Every structure is written in structure tokens, then in C-alpha cells.
Amino acid sequence: MTLTLSFLLLLGLCQNTISERPLSSPKNPDGLDFELPVAIYETKDSYTPGPMGPLFQMVHVFLQVVQPRAFPEDILREIIQKKFDFSADYEKVIHYELGILICAALGLLFVILMPLVGLCFCVCRCCHRCGGDMHQRQKRNGTFLRKCYAVSLLVTSVFISIGIIFGFVANHHLRTQIQKTRKLVDNNFKDLRTFLNETPSQISYAVSQYNTTRTKAFSDLDNIKSLLGGRIHQQLSPKVIPVLDDIKAMAEVIKDTGDALVSMNSVLEELRKLSDQLSATLYDIKTDLEQSLRDPTCYTPPAEAVCDSVGATLDQLDSNMNLNQLPSLDKEIDNVQHVLQTDLSSLVQEGYKSFNDIPEMMENQTVDMVSGIRNTLNAIGLNIETINEKIYYQDKLSDFLGHVDRAEMYIHHMLPKLEEYDACWWLGSMVVCCLLTLIVIFYYLGLLCGTVGYDRNATPTTRGCVSNTGGIFLMAGVGVSFLFCWLLMITVVLTFIVGGNVEKLVCEPYQNKRLFQILDTPYLLNENWKYYLSGMIFNKPDINLTFKHVYSDCKDNKGIYAALKLENKYNISEHFDIEVYTGNINSSLENMNTESTVVLLDAAGKRNLWDFSLSGVDRIDYDAYLEETAKRPTKVDLLTFADDLDGKANKLPSGHLKWSLTTSAQKIRIAYHSEVVPFASSLETVYQSIQALQQQSSGLEGKVVNIISSLDAAQDFITNNLSPVIVQESKNYGNTIMGYFKHYMQWVKISIREQFAACKPVATALDSAVDVFLCNYIIKPMNLFWFGIGQATLLLLPAIIFAVKLAKYYRRMDSEDVYEDVETIPMKKQQATRLF
């Protein structure tokens, strides 16, 4: 009753606290990870009987056999509604209790008959009947009967012993569990206090997490330059940056082209000078050779052929270059130099700067907006921080804790009485078990002494002391059995009726939740309310809120909001609508000033590009320059010519002519190394430069047209799309900021529904009271006790019969049978001889 009252008080507490509070959300965006404080409870949410489980299950199966009928829901409903009339409906009760009543009737019959049978048996024996006279007739199957009686009594005694063991075990288990009751009570009340104390900390945690969310939002507002401006810049970059890169590259091309033209023109001028110098040198060598060929020796027959051969090759000794025929580059150089007077690179950098200033521009334009959003968030924070003042949970908690304290004081006041009752129960149970133990010890001692002291050669009148003592023990066991078995059966019947009915009417339906289903019967507890809980909590009895639903949800550790379906009283989805709090923020973002001007390249830069495309660089006759610079400096290889000249000179006789030719060959070699080799190297360099310039200027006008076209497209894109992009990214940025608060609010709602004030300790307390304390601590050990003691008591009946029959074979008789045919029966022969 105390736990039920506490449970109802808790419902009232949660009704008043949940109906006003705020909380937080589920998935964590950008590190916003909220987790309600988790309470640690000491009471286990389930109970296992351990090694006693199979014994309890055995008794449960027996009860199922005795009482197989379904739970009497209709009877219980009528009793609760006070509509049950026992005089008219007693047949229903008898029909349900038939199995238990039959067993109880048999037990009462046992209680009545056993003392009467014992009295009759005692009187009968006193009259030397019923085995009362100390005379034993000899039978041929006497040995077999003795053994059968001994074995039967032994087996019966073993089963009696098992029942006694069950009784001892059950009694010890019950006392052990009762000793744990104080700890169970303390743990449950401690868990209830933990549950109640955790509720304010959960509220405080939920409120404090708004500050975490607000700090995250403020951090994003402080970084609006990179977050919002950076996103806008990132959206426009694919269209803008490539164009600016192309213009920047073209500026480098213009500069490189101007430098290349000037360098090429300078090199060509130098090459012309070198060509003229080489031509003069070769002319001088050629003149010297012509003078040498006028030597008189050339007219002599041996030298004449050599001189003619040398003279025939003199035309090859000349320059192969004609650089003066190449067109002048002065006009193209002047055009490019004119283009270079405008610093296109600086203009491009201004375009870069104008575009890269978008984040800073956004930061400057949103100063007032950010300030407004900050004020709005601070105002929301002030409203949320006053929740502790709006929720009057402290008084409710204090009241409920007061009830818990009083309930705990009452239970602790009753615990000594419970322990006192347990001591009396334990003592009485020990007496019952010890009486049965005494009886079975008599039987065991009788069997032991009778078996050990039995002498097959002894006659009934000459049996030994040990054997006779065994028979006396057996009869003592019979006497004690008759004296106390009816008292034992009274104990069994009483505990059976109580324990069996509580097991079937309370424990079993509580475990399968049939009790809750009965309590959930419409109009049962209040004839005007369809559902009692919803009528009590919401004053709306048509809401489907049942005891079974509340218990199951609390058992699953769900929050009070979900367990009690408090959305019918306080819909958190309506009260935690993010739009209510963030409408000003959204309107501020939507009305943000998006006016901005970004110029990628001004008119002077465009004109500069057009001037470069018209400079004529791409129309230079590069093929003529390449063809001319690809030639060899001389018409003939001077080294080969010099070697050939030396060979011819060696054919001449020594003299002035030979010396003159050899000297000219040496001059040719000197001219080759000093003039031709540098000249050829310069030609190769200028050839490569011309090739590069040709490749660079190829399609120049088309390239410029494409760049300007891309520039116009990019500029149009910025002009037409910058504002929409700013608006869209501002919405995305606002959604990110709002996402933090949506996450917070969603966490609040989910926490309220599923986690806040998780009521598992309430269900655990109810389980501890009914399932653990009543059923597992008391009823199940009690049922095992009457099962074991009842088994042992019932087996006393056959044990008495076997003991009385067996005692005749162990006790010393006063007389015995005498037969004339002494040869056929050796024992009788000995007795007859003794008589005569």
C-alpha cells in the first residue's frame, strides 16, 4: 500500500513538472553532444532464486496440477467493484478453488482420522490385538516378508528425509531472505531518492546546454567573415578565378613577349655584325690564297694540278648568312612597348582584391544583423534560464520526498516486527522439522539395530538385545508419528492454503501482468472513468493510459512523459517550436543588405588586351627568321676545308707556296674556333627563342577574344548572381545557426519523451515489494516448506504400517509357535527339543 501511494504521488509530481519544462536534442552537429546525467541505481531490476529455482519450479508445477484453472478475473473484478455476493456466487469460488479445497479436505481428514486411528490402534494393542501380544507365528515366507518390510520402510524413510530436507532448506532460505529485506528496503528507498534528486540535475543540465549552444552560435557569428563570406567566395570562385588566372597569365605573356622581341631584335643585330665580321675574315683568307696561287711554282707541272684544285674551291670560302634581308621588328616592338605602358598585372591584382574582399564586405554589411541576432539569442537564453523558476518542482519534490521518508520510517518501524515474526516462524518450522527428523531417526535406528542385530538362527523368543532394541525404536517412531502427525498436517494445510492461493492469485498474475490487465478494465476502479489513470492524471478518462502500459514503460526505463502519455496534457512539440524563438533571426538574415560591386577588370585592362592582340606579334614572318637562323654560318665546313687544304699543301714541294697554303689553313681553323663556333651557338639560341615566340603568339587574337569573352561572362555572372548567391548562402548560414538550436530543442523533446525522469526505480520498487519480497522471499520458500513437510507427513502412513509389521521380526517375543513336524522346520525342531 505504501509503494502504491508513493507511485501515485510520483505521477502527481511528474504531472506538475513536465507540464512546463524545456530540454535538448539527438544527433550532434559540429560537436554539440548532449547527454543527460545517468543515475546509478543499486537495486537489481530482476531477481533470480539461484540453486533454489528448480525446487520452486517443482512446487509451481505441483500447484499447476492442483489448481489448473485460469485466473478468476471476473471474480476479482466483482470484488473490486463490491458486487460480489458470496452467498450467491460461492459456486464460482468453489469451482476455482476446487483443487486446493480437495487437498485441504484430505489434509483435514488426515488431521481428524490420524488421532482416532492412533487411539484405536493403541487400545487394540493394549487388548493384545493388532500385534499387541508378544507372540509370532512362524511362516515359510517370513524371511522374505521381513526383507520386504525393511526395504519398504527404508525407501519410505528416504523419501520422508527428502521432504524434511526440503523443509529445512526452505526454512533456512526464508530466514536468509528475510535478513536481506532491510538491505532491499534501503536500496529501493535510496534509488527513489536518487531518482528524485536526479530530476533537478537533469533540468539544470538541460538549461545549461543552451549556453553551450549559444556559445557555438556566437562562435559562428564571430567567424561570419570566413563562414558566410567564405562560402559566397567559394561559390563564385569556379567562375571567376580561372578568368583572372588567364588574364594574369596573359599579362605575363605580354611582358615576356616584349622582352623576347627586344632580345631577339638585339641578338639579330649582333648576329648581323658577327656575320659581316666573319665574311670579312673569310674574304681576307680568300684573298691571301688567291695571292698564293699566283706563285710561279703553280705553273710547274707537279704543282699546277694542286693549285688548280685549290683555286676551284675558293668560292666556297664565304659566309652562308643573309640576315639583312630579314624584316625589321621595330614596329612590333613599339606596339608591345605601348601595350606594356599599362600595368595589366596591377589591374588583375585589383580584380583579385575586389573578388577576395567579398568575405570582408559581408562582415561589414552584417555588423548590425549579427548584433541583432546576439540580442535575440541572449533574450532566448534569459527565458530558458528562468525555467527553474517557472517549474515549481522543488516543492513537489520536497512533498514527495517527505512521503518517501515517512514510508521508509514506517517500514523500518515494521521491520523489527517482521524479524520477530520470522524468528517465531523459524522456531516453529524447526520444531516441525525436528519432530519429523526424530521420527525418521527412530526408523533409521530401528532398521540399523534390527538389521545388524538380527540372528537368523535365533528364535523369536531368543532374539538378541540389539535386534529387540531395533524393534523398540520402530515402535517408538510409530508412537511419535501418531502423537504429532495430525499437528504437522495442520501446519501443512494452513501454509498450503495461504501459500498456494497467494502464488496463484498474486505472484503468478503479477509476473504475467494479468493483475495490471484487471486494473485496466474500463470503469473498474471508477464507474465514471473508462481508464482510471488517465482520469486521475488528466481528468480525461477516455485517454488510453493503462497500469500495464505505465509499468512496462517504467520497466524499460522510459521517461515519465512517455510512460504517462503526458503529451495529452502538455504537447512539447507545440511548446518547443523553434520558429517561435528564431523568427527574428530568420527575418534578419532574409532582409540582409546584399548590395555589392565586384569589378574583375576595368575598361583600361580590356583595352590593353585588345591592343596586344593588334600589336602584330602574331603576324611576324617567323618562318623566314627560322629559315635564316637554321642555316650554317659558312657555305663549307671550315675545319674540313682547312684539313683538305693541308693535304693539298703536303703534295707540294717545300717552298713559299707550301708554307703559304699551310698558313692559310691555320687561319681558317682560327676563324672557325673564334668566330664560327660562337656565331653558330648564337644562331641556335635565337632559333629556339623565335620558335618559342612563334608558339606563344600563335592564335594570339583568338586567345584574347576568348579571355575577354570569359571575363565578360564572369562579370555578368557576378553582377546577376552575386545577390542571389549571398541570399542563398545567408539562408544556409542561418540554417546552420538555427540547426544548433533545432538540435538543442530536438534533444530537449526526445529527452523529455524518452530519458527525462526515467521511472525504472518506481517499477523496481513495485517489483521489490511484490515479486521479490512477497513472492520470492516469503511465498515460494513457504510453499517449498509445506510441500516437503506435507510429503514427509503423508509418507508417515506407509511408514507406520511397515514399521509395525517389521517390529515383529526384530523384537523378542514372549511365546512362539510349536510344530510336531520338527524335521521339516529346523527352528521349530530346536524349540520342540527344548520344550520336551
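Here is a short back-and-forth about a predicted model, covering its fold, cores, cysteines and a surface patch.

Me: How many helices and strands does the chain have?
Reply: This is a predicted model, so the count describes that prediction. The chain's secondary structure comes to 30 helices and two strands.

Me: What share of the chain's residues is buried?
Reply: Buried here is under 20% relative accessible area. The chain has 836 residues, and the buried part makes up 46%.

Me: What percentage of the contacts between residues at least 6 apart in sequence join residues at least 24 apart?
Reply: Take the contacts in the chain between residues at least 6 apart in sequence. Of those, the ones joining residues at least 24 apart come to 89%.

Me: How much of the accessible surface belongs to carbon and sulfur atoms?
Reply: The chain's accessible surface is about 41,300 Å². The carbon and sulfur part of that is 56%.

Me: Which helix gives the most to the largest nonpolar core?
Reply: That core has 91 residues, and Ile232, Phe355, Leu600 and Phe741 are among those with the most contacts inside it. The top contributor spans residues 700-755 and puts in 19 residues: helix H27.

Me: How many residues are in the second, separate core?
Reply: Leu55, Val480, Met489 and Tyr809 are included in this one. Its size is 55 residues.

Me: How far apart in sequence are the parts that Cys507 and Cys775 tie together?
Reply: The structure holds two disulfides, and one of them joins Cys507 to Cys775, with S to S at 2.0 Å. Cys507 sits in helix H16 (residues 465-511) and Cys775 in helix H28 (residues 760-794), so the parts tied together are apart in sequence by 268 residues.

Me: Is the disulfide of Cys507 and Cys775 left-handed or right-handed?
Reply: Look at the torsion about the S-S bond, which is about -100°. That value is negative, so the Cys507 and Cys775 disulfide is left-handed.

Me: Is Cys775 buried or exposed?
Reply: The cut-off for buried is under 20% relative accessible area. Its partner Cys507, at 1% relative accessibility, counts as buried. Cys775 comes in at 0%, so Cys775 is buried.

Me: Where does Cys759 lie?
Reply: Cys759 is joined to Cys554 by a disulfide, S to S 2.0 Å. The pair links distant parts of the chain, 205 residues apart, with Cys554 in helix H19 (residues 547-555) and Cys759 in the loop between H27 and H28.

Me: What is the torsion about the S-S bond of Cys554 and Cys759?
Reply: Both Cys554 and Cys759 are buried. Their disulfide is left-handed because the torsion is about -100°.

Me: Why is there no bond from Cys465 to the closest cysteine sulfur, in Cys449?
Reply: A disulfide needs the two sulfur atoms within 2.5 Å. Cys465 is exposed, at 56% relative accessibility. Its sulfur is too far from the one in Cys449 for a bond, at 9.1 Å.

Me: Which helix gives the most to the nonpolar surface patch?
Reply: The patch is about 1,100 Å² and includes Phe86, Tyr90, Leu101 and Val117. Helix H4 (86-96) and helix H5 (98-126) each give two or more residues. The biggest giver, with nine residues, is H5.

Me: Is Ile102 buried, partly exposed or exposed?
Reply: Ile102 lies in helix H5 and is one of the patch residues. Partly exposed runs between the 20% and 50% cut-offs. Ile102 has 45% relative accessibility, so Ile102 is partly exposed.

How values were computed: Residues are numbered from 1 along each chain as its sequence is written. This is a predicted model: local features need pLDDT of at least 70, side-chain atom pairs count only at pLDDT 80 or more; totals for chains, interfaces and linings use all residues. Side-chain values use heavy atoms; hydrogens and water are left out. A nonpolar core is a set of buried Ala, Val, Leu, Ile, Met, Phe, Trp, Tyr and Cys residues joined through side-chain atoms within 4.5 Å. Buried means under 20% relative accessible area, exposed over 50%, partly exposed in between (1.4 Å probe, protein chains only). Helices (H or I, at least four residues) and strands (E, at least two) are DSSP runs, numbered from the N terminus. Contact means heavy atoms within 4.5 Å. Accessible areas come from the Shrake-Rupley method with a 1.4 Å probe; for residues, only the protein chains shown count as cover. Patches are made of residues with over 30% relative accessible area and no salt bridge: like charges are joined within 9 Å, nonpolar side chains (Val, Leu, Ile, Met, Phe, Trp, Tyr) within 5 Å. A salt bridge is a side-chain nitrogen of Lys or Arg within 4 Å of a carboxyl oxygen of Asp or Glu.
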